[in-house]
Amino acid sequence: MISLDVIVAIACTTVLTVGLGWLLYPAWIVAIEDDLGWSERFSVSRHGDAILSLVIPAYNEEDRIAVMLKAAHDFFESDQGNGVIQTLKQCAKKAAYCPAHVIEWIIVDDGSKDATCKIVKAVLQSLDSKHAWRILSLERNSGKGAAIKIGMSSARGHFSLMVDADGATEFGPGLLNLVERLKFQFDVARDQRARSISVFGSRAHLQKESAAQRSFVRTFLMRSFHMFVSILVSSSIRDTQCGFKLFTRESAQAVFTQLHLRRWAFDTEVVLLCNYHKIDIFEVSVPWQEVDGSKLNTSKLALIIVSLTMLRDMICVNICYSLRIWKAPELSNT
């Protein structure tokens, strides 16, 4: 007959093994599926180098992406949009980048099961656009982090903006705020150190208002997440999850070629990689509003599960980098 001590030992070992397996699950997924399968399904090239790449991850976004694309394209056709491009050209000159004028759009289809790609092509045809366009498709749904990794690593622009397909961040005013801060940093920089910067859009200024509209559970989970971010990731960033971030070419290549997390918490690894490479992060407020059609299940139980999963991912990232399971090469400023 098996003794009680043996049963307890087996139970403890089982719980420990399962718990450790769950905790390191993101690392296991990366280890067995390191090569993300993807292909370029559609492209329209333009002569010349790209000054700005827009990277837009999309998963079943047939109902929302057309509005976002048209709004962003209309902005670039306006005087304000032209002013933003001229400002980016000034920054590029200070960074000693080669002259560039093309705007590159990269839509990364994360294994959509709807007509997302067809909608994007239809929008492109209706716009009669002079910009460069690319549609990259993952072989299967792999997560927003995976889509962003592919898109940002493939970007050819001197600057790269990751932007959500739902249009929750008002594109024109948001980009104006980010580029204004980018220009300021280039103006005060005394050398090419300005190449190693990023500018994050932030919704932190909306937290008090949104907390008043949320349930107790959602408010508690939001504040708990922010607390763990400050402990495990960075205490200086107030909003890691806003999907509106601008990077220089060097910063984008250093961060996104080494990105591992593939789901909701990938932004926290972006912050860690920026800190590792001493890439300065500047946070600016952007106009933002909730948009119907979120892929995130907002039931209380689902939010708790997602929150625990994101906490698990943050812990896993810290363990993997601390134990050198994941390594990040040094950032080159050449």
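Select helix α10 and colour its buried residues, which are E250, S251, A252, A254, V255 and F256. Bear in mind from the outset that this is a predicted model. Helix α10 spans residues 249–256 and is mostly covered, six of its eight residues being buried. Now show what surrounds this helix: the buried residues of α10 pack against α6 (144–154), β5 (159–163), β6 (197–202), β7 (244–248) and α11.

Two of these neighbouring helices deserve a selection of their own. Take α6, which is mostly covered, with nine of its 11 residues buried; the buried set consists of G145, A146, A147, I148, K149, I150, G151, M152 and S154. Note that K149 is listed among the buried residues of α6, just as E250 is listed among those of α10.

Then move to α11 (residues 266–276) and pick V270, which is found in that helix. V270 counts as buried because its relative accessible area is 0%, the cut-off for that word being under 20%. If neighbours within four places in sequence are set aside, V270 is in contact with F200, F247, V255, F256 and L259, and V255 and F256 are already on your screen as buried residues of α10. With V270 still selected, add S299 and draw a distance between the two C-alpha atoms: these residues are 29 places apart along the chain, and the separation in space is 27 Å.

Next, turn to the nonpolar interior. In soluble globular proteins, nonpolar side chains tend to be buried together. Here the largest nonpolar core has 48 residues, and those with the most contacts inside it are L52, F76, W105, F159, L161, F171 and L175. Helix α3 (residues 65–77) supplies the largest share of this core, seven residues. Apart from that core lies another one, of 46 residues, which includes A27, V30, L138 and I279; giving the two cores separate colours makes a useful view.

From the larger core, centre on L161. Which residues does L161 touch, once those up to four places away in sequence are not counted? They are L52, S53, L54, V55, F171, L175, L178, F244, K245 and L246, and L52, F171 and L175 among them also belong to the residues with the most contacts inside the core.

Keep L52, S53 and L54 displayed and select E104, which lies in strand β3 (residues 102–109). Is E104 buried or exposed? Its relative accessible area is 2%, so E104 is buried, and its side chain can be examined for polar partners. One is R134, whose side chain is joined to that of E104 by a polar contact of 3.2 Å. Another is on the backbone: the nitrogen of R156 lies 3.0 Å from a polar atom of the E104 side chain. Leaving aside neighbours within four places in sequence, the full set of residues in contact with E104 is A50, L52, S53, L54, A132, R134, A155, R156 and G157.

For the next stop, display the pockets and choose the second largest, which has a volume of about 340 Å³. It is lined by 20 residues, of which I29, E33, S142, R262 and R263 are the closest to its centre. The elements giving two or more residues to this lining are α2 (25–32) and α12 (300–322), and α2 contributes the largest share, four residues. Coloured by residue class, the lining of this pocket divides into seven nonpolar, five polar and eight charged residues.

Two loop residues are worth inspecting for their backbone angles. N60, in the loop between β2 (50–58) and α3, has a positive phi of about 50 degrees although it is not a glycine; at 23% relative accessibility, N60 counts as partly exposed. D128 is found in the loop between α5 (116–127) and β4 (132–138), and its phi is near 50 degrees, again a positive value in a residue other than glycine. D128 counts as exposed, because its relative accessibility is 67% and the cut-off is over 50%.

Finish at I2, in the segment before α1 (4–23), which is exposed with a relative accessible area of 54%. Select W38 together with I2 and draw the C-alpha to C-alpha distance: the two are 36 residues apart in sequence and 52 Å apart in space.

Conventions
Residues numbered from 1 in each chain as written. Predicted model: local features only at pLDDT ≥ 70, side-chain atom pairs only at ≥ 80, totals over all residues. Heavy atoms only, no water. Buried < 20%, exposed > 50% of the residue type's maximum accessible area, 1.4 Å probe, protein only. Polar contact = N/O pair within 3.5 Å; in protein donor to acceptor, adjacent residues only side chain to side chain. Contact = heavy atoms within 4.5 Å. Core = buried A, V, L, I, M, F, W, Y, C linked by side-chain atoms within 4.5 Å. 1 Å grid on protein atoms, 1.4 Å probe; cavity = no way out; pocket = protein on both sides within 12 Å on 5 of 7 lines; lining within 4 Å. Points joined across faces, edges and corners; volume = space filled by probe spheres on them. Nonpolar A, V, L, I, M, F, W, Y, C, P; charged D, E, K, R; others polar.
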